[in-house]
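Here are some worked exercises to try with the model open in your viewer. Have a go at each task before you read on to its solution.

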Amino acid sequence: MATTSGQGPLSGVRVLELAGIGPGPFAAMLLADLGADVVRVDRPGGSGLAIDPAYDVTNRNKRSVIIDLKAPDGPARVLDLAAHADILVEGYRPQVAERLGIGPETCHARNPRLVYGRMTGWGQDGPLAPRAGHDIAYIALTGTLGMIGAPDAPPPAPANLLGDYAGGSLYLVVGVLAALHHARATGTGQVVDAAIVDGTAHLSAMIHGMMAAGGWQDRRGANLLDGGCPYYGTYETADGKYMVVGALEPRFYEAFLELLGLSRFADARKDWTRWSELREAVAARFASRTREEWTAVFEGTDACVAPVLSLSEAPHHPHLTARGTFTEHDGLTQPAPAPRFSATPATVRTGPALPGADTADVARDWDVPDLLKGQGR
């Protein structure tokens, strides 16, 4: 079997991605980072983010073909590819793939071993399944958005990392890999219904347990991990930047207070009646120096304090530089593949796939010669 060059534990696994935006492409990128041969089916004119596709990092390590699914032969070309794939990833609304003639039943008729991964916000069924939505609405209904932010302000929009990528993409990847394991053991594929509402709700399992035990209040800014605790949160520095504190355990808390010069608050760790006073004292101390100065104070300690860096600053932090957490490919700085493997390391092999650029190679490698005449261009 021909595969893409490079390493990774998924080398030899073929993934067919029906192009979209957000969690589907990110999930396919993760599979590609881990070595899978991911072929992205783009629409004529492209179908990714509203940026130059050369900068769409979520399409790295992939190959792209163009298929017009509304053309008479479009669905047949997708089915030809699906017949040679191990995993298919799509992010349409429920029943859209079926109406296009490329739904699970049709694909499984061609390839019974296929793992058909479906990525949606609301899921394949339920009252909201056919409705439009975005990350912020999905996480709102699960209770997770309501946990975030100050109690006297509206919950903030936490980018789209919590819903789309944590509750969506990562659960889809876990699901399709588990189903692939089953398919290889039994010869039978299946459908994986990865809904952002399900995944995001699942992420809050520990909090639900704490709430049931009386260790978590169902309101913002009143708990150990939601900003209610003065030694678990963020503080502004003299230069308008921020430091983050996570000194939860007693010995970390003690080191934190000592370095701040606030050891008089040693007994306030579990005394909620003093938390307001402690917070004011900590805020005043952090406001007296710059972020750089405080970073130097806490450097090399176990006080669990760190600077809050911007996206452009993060790749230059000494620890992340030493680990290679970020990498550069063709002049584009980006997060390196994660997690890491001792025997089958993952790498950024290629830059973002440009729409339709790999048609001839995919037609040859996947043994789908008709792909060359089904390009809708």
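**Exercise 1.** In this predicted model, work out how helix H9 and helix H11 pack, and which residues meet.

*Solution.*
- Start with the geometry: H9 (residues 250-260) and H11 (residues 291-298) pack at an angle of about 125°, and their axes are 10 Å apart.
- Next, sort the angle. Values over 145 degrees would count as roughly antiparallel and 65 to 115 as roughly perpendicular, with the rest, down to 35, as oblique; H9 and H11 are therefore oblique to each other.
- The handedness comes next: H9 and H11 make a right-handed crossing.
- Now pick out the residues. From H9 come Phe-256, Leu-259 and Leu-260, and they meet Trp-294, Val-297 and Phe-298 of H11.
- Sorted by class, this contact of H9 with H11 has 6 nonpolar residues, with no polar and no charged ones.

**Exercise 2.** Do the same for H9 and H10: what are the angle, the handedness and the classes of the residues in contact?

*Solution.*
- The axes of H9 and H10 cross at roughly 50° and come within 11 Å. That makes H9 oblique to H10.
- H9 passes H10 in a left-handed crossing.
- On the H9 side you'll find Tyr-253, Phe-256, Leu-257 and Leu-260; on the H10 side they meet Leu-278, Val-282, Arg-285 and Phe-286.
- The contact of H9 with H10 splits into 7 nonpolar residues, no polar ones and 1 charged.

**Exercise 3.** Take a look at Arg-285: is this residue buried, partly exposed or exposed, and what does Arg-285 contact?

*Solution.*
- Place Arg-285 first: it sits in helix H10, which covers residues 275-286.
- The relative accessibility is 26%, and buried would need under 20% while exposed would need over 50%. So Arg-285 counts as partly exposed.
- Setting aside neighbours within four places in sequence, Arg-285 is in contact with Leu-260, Leu-262 and Trp-294.
- For a longer view, try Pro-156: it lies 129 residues from Arg-285 along the chain, and their C-alpha atoms are separated by 26 Å.

**Exercise 4.** Now for helix H2: how many of its residues are buried, and how does Asp-80 fare?

*Solution.*
- H2 runs over residues 74-82 and is mostly covered, with 8 of its 9 residues buried.
- The buried set is Gly-74, Pro-75, Arg-77, Val-78, Leu-79, Asp-80, Leu-81 and Ala-82.
- Asp-80 has a relative accessible area of 14%, so with the cut-off at under 20% it is buried.
- Not counting neighbours within four places in sequence, the contacts of Asp-80 are Arg-110, Val-368 and Asp-370.

**Exercise 5.** Which residues of the largest nonpolar core touch the most other members, and which elements supply at least two residues each?

*Solution.*
- The core has 29 residues, and Val-15, Leu-31, Ile-87, Val-115 and Leu-172 touch the most other members.
- At least two residues each come from H1 (23-33), E4 (87-90), E5 (115-120), H6 (161-186), E6 (190-195) and H7 (196-203).
- H6 gives the largest share, 6 residues.
- To zoom in, follow Val-15: leaving out residues up to four places away in sequence, it touches residues including Leu-31, Val-39, Ile-87 and Trp-366.

**Exercise 6.** Finish with the whole chain: how many helices and strands are there, and what share of residues is buried?

*Solution.*
- Count the secondary structure: 13 helices and 11 strands.
- Of the 377 residues, 45% are buried.
- The C-alpha trace spans about 75 × 45 × 40 Å along its principal axes.

Key
Residues numbered from 1 in each chain as written. Predicted model: local features only at pLDDT ≥ 70, side-chain atom pairs only at ≥ 80, totals over all residues. Heavy atoms only, no water. Buried < 20%, exposed > 50% of the residue type's maximum accessible area, 1.4 Å probe, protein only. Helix = DSSP H or I, 4+ residues; strand = E, 2+ residues; numbered from the N terminus. Axes fitted to C-alpha atoms, helices over the stretch in contact; angles between N-to-C directions. Left-handed = near helix turned anticlockwise from the far one by under 90°. Contact = heavy atoms within 4.5 Å. Nonpolar A, V, L, I, M, F, W, Y, C, P; charged D, E, K, R; others polar. Core = buried A, V, L, I, M, F, W, Y, C linked by side-chain atoms within 4.5 Å.
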